[in-house]
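I set out to keep a short record of what I looked up in this structure. The entries follow the order in which I took up each topic.

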Amino acid sequence: MNKAKVLILTLAFLIASATYADISVEAAYSKPAPEGNRAEVEIGTITLPDLPPADQVRVAMKCAQICQSDRRILTGTKKSEALLREIVLGHEGVGQISQLSPEAKATDLKVGTYVVVLPHSVPNGDSVAERGFPNLSPNMKHIGFSLNGVFAEQMDFPKYNIFPISNASEMVKNFGEDPYLEQMVNTEPLACVQRAFKLLDEKQPGVLNKSVSRILILGAGPMGLLHAMHARMKYPKAKVVNYDISPVRRALAKQIMGESTVLDSTSGLANTFDVVVTSTSSADANSVDAPKLIKNGGVILLFSGINLHAGESSPEIAGVNVEAIHRTEDLRQIRGYRVGSKIKDFTLLGSSGYTKTDIATAVSELHADLHSAKPSYSKVTTSRINGLSSRSVQDLSGRNRNVVFETSSLAKLLEFESPEVFEHEKISIRFGNTCSGLFGR
């Protein structure tokens, strides 16, 4: 073989190697403990293939946020595979499509499109999904739980999980990319909130036909505040209040929502509220407090899953499994329930997850909120981490409480039992990705 052919073959090999070289990205992933009952968080690098698989889309993450479910899976109180193997964590995120596979057909998915990464993935042909309830499918998988999640600089996701944000480019021009995306990372949580109230409309129209005057949200964490903001929009004449067992969380919620909207105690308020929403994973809040506080004829919206360790049974109300009502979006009438000296009737209504219709209406509501004179939803994000490995947390609430940890702040704030968790509402993670060097590879 002459020198010219050797040179040509060498160049061809180098070009092919460069074209199809794997890439390394920073990510936060689970590190299962040897005893198998919990997992820690590790910040490191993972390898992605040069091209995303044919049925997946590569997204350069722009903004993500921590959800309480991310903490629960690490302690085993929410089912996931994080206790068994390394999984990239996180399930609430927005970004831009950075790469499509060569097999991708012509769709509205294009490099550079702003997208919400949806947590739930349901296989094609799923019978429950085809009936309009993908959120209730037993075959559903979750990113960050059993599929790699959004706590990575770039990640490949099933096409099913990619939701293009309509009019996003125009909104970025009007509001700036960072403020806009920190608003839109609330899309999936707000969609879940919306679904709960849509089910109330659909399954309990009698409640809406009456004047809903008092609504209680049990929980003043991020989801509790989203519930309160949406309920105020939906029922402008109603008194909407939150309660949280944590005084630290109550103080922060008061700063965001206003002093009069967060209760310091529910003492003396039995049989008071038309609607009680359980936006907390506390078993007692769901099965003891909610029945006590609901008025005769009212509705308890069972929104949150319950923290249950292995071997623990789900709490019950009048023999009805609370977790089952939540998971199946069931409705159950409770008759003649005694709380102290009071006997009353009320309805249990479950809500679980979202559908893509809810995602679309959440996007619309978040856009409308940005255009309003007094935007609300952005206030839920009180803290920001700039990069997965950063040790600092930037305060966005105006309290000037910037924090520096000795290790990764993300890992610290994913600890379920960490008291620092209650010092924050939504914690956003901002990625430094730009179009340069990523798109059009």
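**Entry 1. A buried charged pair**

I began with the side chains of K426 and E92, which meet in a salt bridge at 2.9 Å, N to O. This pair joins distant parts of the chain: K426 belongs to strand β22 (residues 426–430) and E92 to strand β4 (residues 92–100), 334 residues apart. I then asked whether K426 is buried or exposed. K426 counts as buried because its relative accessibility is 1%, under the 20% cut-off. E92 also counts as buried, at 2% relative accessibility. I noted for the record that the model is a predicted one.

**Entry 2. Further salt bridges**

I looked up how many salt bridges the structure holds, and the count is 25. Side chains of opposite charge can pair when their charged atoms come close.

Next I examined E182 and R430, whose side chains form a salt bridge at 3.8 Å, N to O. Here too distant parts of the chain are linked, with E182 in helix α5 (residues 177–184) and R430 in strand β22, 248 residues apart. Both E182 and R430 are buried. I asked which residues are linked with E182 and R430 in a network of salt bridges. The network also takes in D178 and R384.

I then turned to R195 and D358, which meet in a salt bridge at 3.5 Å, N to O. R195 lies in helix α6 (residues 187–203) and D358 in helix α12 (residues 356–371), so that the pair links distant parts of the chain, 163 residues apart. R195 counts as buried at 9% relative accessibility, and D358 counts as buried at 2%.

**Entry 3. The nonpolar cores**

I recorded that in soluble globular proteins, nonpolar side chains tend to be buried together. In this model the largest nonpolar core has 54 residues. I asked which residues have the most contacts inside this core. They are I165, Y180, F197, L200, I215 and L301. Helix α6 gives the most to this core, with eight residues.

I followed F197 further. Leaving aside residues up to four places away in sequence, F197 touches H227, H230, A231, K234, Y235, V277 and L301. A second core, separate from the largest one, has 43 residues, including V41, L89, F151 and F157.

**Entry 4. Two helices**

In helix α9 (residues 247–257), I found R249, R250, L252, A253, K254, I256 and M257 buried. I asked what the buried residues of α9 pack against. Their partners are α8 (222–234), β11 (239–243), β12 (262–263) and β19 (381–386). After α9 comes G258, with a positive phi near 110°.

In helix α10 (residues 283–293), the buried residues are A285, N286, S287, A290, P291 and L293. At the start of α10, a side-chain oxygen of S282 comes to within 3.4 Å of the backbone nitrogen of D284.

**Entry 5. A serine in a loop**

I located S408 in the loop between β21 (403–404) and α13 (409–413). S408 is buried, with a relative accessible area of 12%. A polar atom of the S408 side chain lies 3.4 Å from the backbone oxygen of L388. Not counting residues up to four places away in sequence, S408 touches I43, L388, S389, S390 and R391.

**Entry 6. Cysteines**

I looked for disulfides, and the count comes to zero. A disulfide is a covalent bond between the sulfur atoms of two cysteines. I asked why C67 forms no such bond. The cysteine sulfur closest to that of C67 is in C192, 8.5 Å away, and this is too far for a bond. For C192, the closest cysteine sulfur is in turn that of C67, at 8.5 Å. C67 is buried, with a relative accessible area of 11%, and C192 is buried with 8%.

**Entry 7. Confidence**

I closed with the confidence of the prediction. The protein chain averages a pLDDT of 90, and 91% of the residues score at least 70. I asked where pLDDT stays under 50. This applies over residues 8–18, for which the model has one contact beyond four places in sequence. Where pLDDT is low, the predicted coordinates should not be read in detail.

Notes
Residues are numbered from 1 along each chain as its sequence is written. This is a predicted model: local features need pLDDT of at least 70, side-chain atom pairs count only at pLDDT 80 or more; totals for chains, interfaces and linings use all residues. Side-chain values use heavy atoms; hydrogens and water are left out. Buried means under 20% relative accessible area, exposed over 50%, partly exposed in between (1.4 Å probe, protein chains only). Helices (H or I, at least four residues) and strands (E, at least two) are DSSP runs, numbered from the N terminus. Contact means heavy atoms within 4.5 Å. A salt bridge is a side-chain nitrogen of Lys or Arg within 4 Å of a carboxyl oxygen of Asp or Glu. A nonpolar core is a set of buried Ala, Val, Leu, Ile, Met, Phe, Trp, Tyr and Cys residues joined through side-chain atoms within 4.5 Å. A polar contact is a pair of N or O atoms within 3.5 Å; within protein, one must be able to donate a hydrogen and the other to accept it, and residues adjacent in sequence count only if both atoms are side-chain atoms. A disulfide is a pair of cysteine sulfur atoms within 2.5 Å. pLDDT is the predictor's confidence in each residue, from 0 to 100.
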